[in-house]
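Visitor: I would like a close look at one part of this structure, the helix α3 region and its surroundings. Could you walk me through it and then outward to the rest?

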Amino acid sequence: MPDKMLIWMVLFGIFAVCFFVIAAYVSVTGVADVKALLTRHVTSDDAEKAENK
Amino acid sequence: MTFNTLDWTILIVYLLLTVSIGLWVRRYVEDLAGYIVAGRNIKVSLGIATFAATEMGTITFVYFGELGYVSGFSCFIIGILAMMGYMIVGRTGFIIARLRAFGMMTIPEFYEIRYSRRVRLVGGIILFLGGVLNMGIFLKFDGIFLSEVMGFGPDALAFIMTLMLVIVMAYTILGGMFSVVITDFMQYVILSFSMLVTTIAVLLEVDLGQMAEAVAGSYGDGGFDPVANPRFGWTFLVWVFVSNLAAAALWQPGVSKALASESPAVAKKVFLVTGLSFAGRAMIPMFWGIAALAFFGPGENSASAMPKLLAEVVPGGFLGLLVAGLLAASMSTYSSYLLAWSSVVTLDVVSCFRPAGFDERTTIRITRFFAGLIGIFLLIFGLWYEVPDTAYQYLFITGAMYTAGALGCVTAGLYWKKANLVGAYAALILGAAAPAGFLILERFAAYLPQWLRFVTDVNVSGVLSFALAALGMVLGSLLTQRAHPPKHVQPEASYA
């Protein structure tokens, strides 16, 4: 394997690991963010009920 | 046919689930800010997922895979330059933090505040044209990927393109940024997992020694050294770095995600962490492309070699998951881009002709109408247009039509007190001139005099667009300070 390819493969390994670690972290913590986003907004049903009151 | 029953089941169930969730989220009341920037309530993790998903459609995999196939390991440098560009923006908040503090929804809105309404109109038209031309090849390349990976071959291309367009249009026009953000998250999770499985499958089938031999045999030293590679060289590297910096800070589909963040600080974090993942996002499909070179040899069609490899090596079931993830990622990319370009033409072009403006409901309707028109254009353009050079270079040169001028206008507008509207016009027009010149003149390269042929080199045109835009802003502003004194504006919120 040429030296230059070895350098690229090391960089590939580092950045591929970074990509998958970030993806794993975001997959776990993002669920709470989705819940937070939806609870901060009323649905059209809620808005209709509030209007009727 | 490489796609088995399990793959089809996974694909159909996943797509139905995505569309159902997208439509369910419509229950949430959306005003204009909700439709375009999700009410500006996005937190860090969701921001990273939705930003990464926007910048990771099927076309991303096709053009990076194509680069791996036609240039070997030397194209890995592109991923590193992209990572640097996005991380610099994330670390410093260059442009995005200040734009978020101004509370805007599109970049040309800033042109009106800082320069004039007419500059906004010119900037909006250039952004719209550059953006739609840029998006023009998405359908074709996505169609190539899907037809190869699912085993239909090139004959099914037009049918797949039409079907994809219908699904995406319905999803975007009915939904809005809320639907996009929620389904982006799902797509990011599924796609990242599929990428991991695919990379392992490729490594099990093609070893590194084969790849080294194939790259050395096909491209020599240029396969490992980007400066020695005739496709790249220093001009290309400078252009890609500046383009990525500009795209990170100014490319509307991505920036709309920053503008949707709950604060400028969250926007900076989203860019920093997503930027760190961008080297991997590029290198992983490039690696698959290199594996395709080792597996099939150099005689294949460069865009379809990598998808053909995946059809061969990814195990049944996982192939369905990968295609479902990619198709869903494309839906999110298309939705974000359609939403971005239709909101630009509505808010920055159409609204400029009606000083009283439209009410929010009408604005959303006009935005949806333009999203539909852009969709029809994508199908016609995709079927007719032949891409010069690689898809990656086409995307960057069409992107430069807008980003070059915008980088000059927005950077100077935010950080240089002497920037005025003459400088802004000069930056926008000169920035668009070199890429537009390339797209037109490369068709007639053989008839051009020798001294003008440099314009048909995509890398030279790319660098030239940024240089001309910067020169236009500086000279235009300095020479007309008295006749057109600069406007000074303050943001609504702090920059932090």
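Guide: What follows starts at one helix and moves outward to the rings, the interface, the core, the cysteines and one loop. Please keep in mind that this is a predicted model.

Let us begin with I48(B), which belongs to helix α3 of chain B. This isoleucine is buried, at a relative accessible area of 2%. Its contacts, leaving aside residues up to four places away in sequence, are I22(A), V26(A), V270(B), V273(B) and T274(B). For V270(B), the C-alpha atoms of the two residues are 5.2 Å apart, although 222 residues separate I48(B) and V270(B) in sequence.

Now to the aromatic rings, where the count comes to 36 aromatic pairs over all chains. One of them joins F51(B) and F271(B): the ring centres are 4.6 Å apart and the planes meet at 35 degrees, so the pair is tilted. This pair also ties together distant parts of the chain, since F51(B) lies in helix α3 (residues 44-54) and F271(B) in helix α15 (residues 264-296), 220 residues apart. Both F51(B) and F271(B) are buried. Compare the rings of Y63(B) and F64(B): their centres are 4.6 Å apart and their planes stand at 65 degrees, so this pair is edge-to-face. Y63(B) is buried with a relative accessible area of 9%, and F64(B) is buried with 3%. Ring pairs connect these two with F232(B), F236(B), W239(B), Y392(B) and F396(B) in a cluster.

Rings also meet charges here. The charged end of R281(B) sits over the ring of F278(B), 4.4 Å from the ring centre. Likewise, K308(B) places its charged end over the ring of F296(B), at 5.7 Å from the centre.

The contacts of I48(B) with I22(A) and V26(A) bring us to the interface. In total, 33 residues of chain A are in contact with 47 residues of chain B. About 3600 Å² is buried between the two chains, 79% of it on carbon and sulfur atoms. Of the area that chain A buries against chain B, W8(A), F12(A) and F19(A) supply 21%, more than any other three residues.

Next comes the interior. In soluble globular proteins, nonpolar side chains tend to be buried together. Here the largest nonpolar core has 184 residues, and those with the most contacts inside it are F73(B), F76(B), I78(B), Y111(B), I137(B) and W341(B). Taking Y111(B) as an example, its contacts beyond four places in sequence include V119(B), Y402(B), A406(B), C409(B) and L428(B). C409(B) is itself buried, at 0% relative accessibility.

That cysteine raises the matter of disulfides, and a search of the whole structure finds zero over all chains. Consider C18(A), which is partly exposed with a relative accessible area of 21%. The closest cysteine sulfur to its own is 18 Å away, in C75(B), and that is too far for a bond.

Finally, a word on one backbone detail. Most residues other than glycine have a negative phi, and most peptide bonds are trans. I95(B), however, has a phi near 70 degrees, a positive value in a residue other than glycine. This isoleucine lies in the loop between α5 (76-92) and α6 (96-102) of chain B, and at 0% relative accessibility I95(B) counts as buried.

Conventions. Residues are numbered from 1 along each chain as its sequence is written. Chains are lettered from A and ligands numbered from 1 in the order in which they are written. This is a predicted model: local features need pLDDT of at least 70, side-chain atom pairs count only at pLDDT 80 or more; totals for chains, interfaces and linings use all residues. Side-chain values use heavy atoms; hydrogens and water are left out. Rings of Phe, Tyr and Trp (its six-membered ring) pair if their centres lie within 6.5 Å; planes under 30 degrees apart count as stacked, over 60 as edge-to-face and the rest as tilted. Helices (H or I, at least four residues) and strands (E, at least two) are DSSP runs, numbered from the N terminus. Buried means under 20% relative accessible area, exposed over 50%, partly exposed in between (1.4 Å probe, protein chains only). A charge sits over a ring if NZ of Lys or CZ of Arg is within 6 Å of the ring centre and within 35 degrees of the ring normal. Contact means heavy atoms within 4.5 Å. A disulfide is a pair of cysteine sulfur atoms within 2.5 Å. A nonpolar core is a set of buried Ala, Val, Leu, Ile, Met, Phe, Trp, Tyr and Cys residues joined through side-chain atoms within 4.5 Å. Buried area is the accessible area (1.4 Å probe) that two parts lose on being put together, summed over both.
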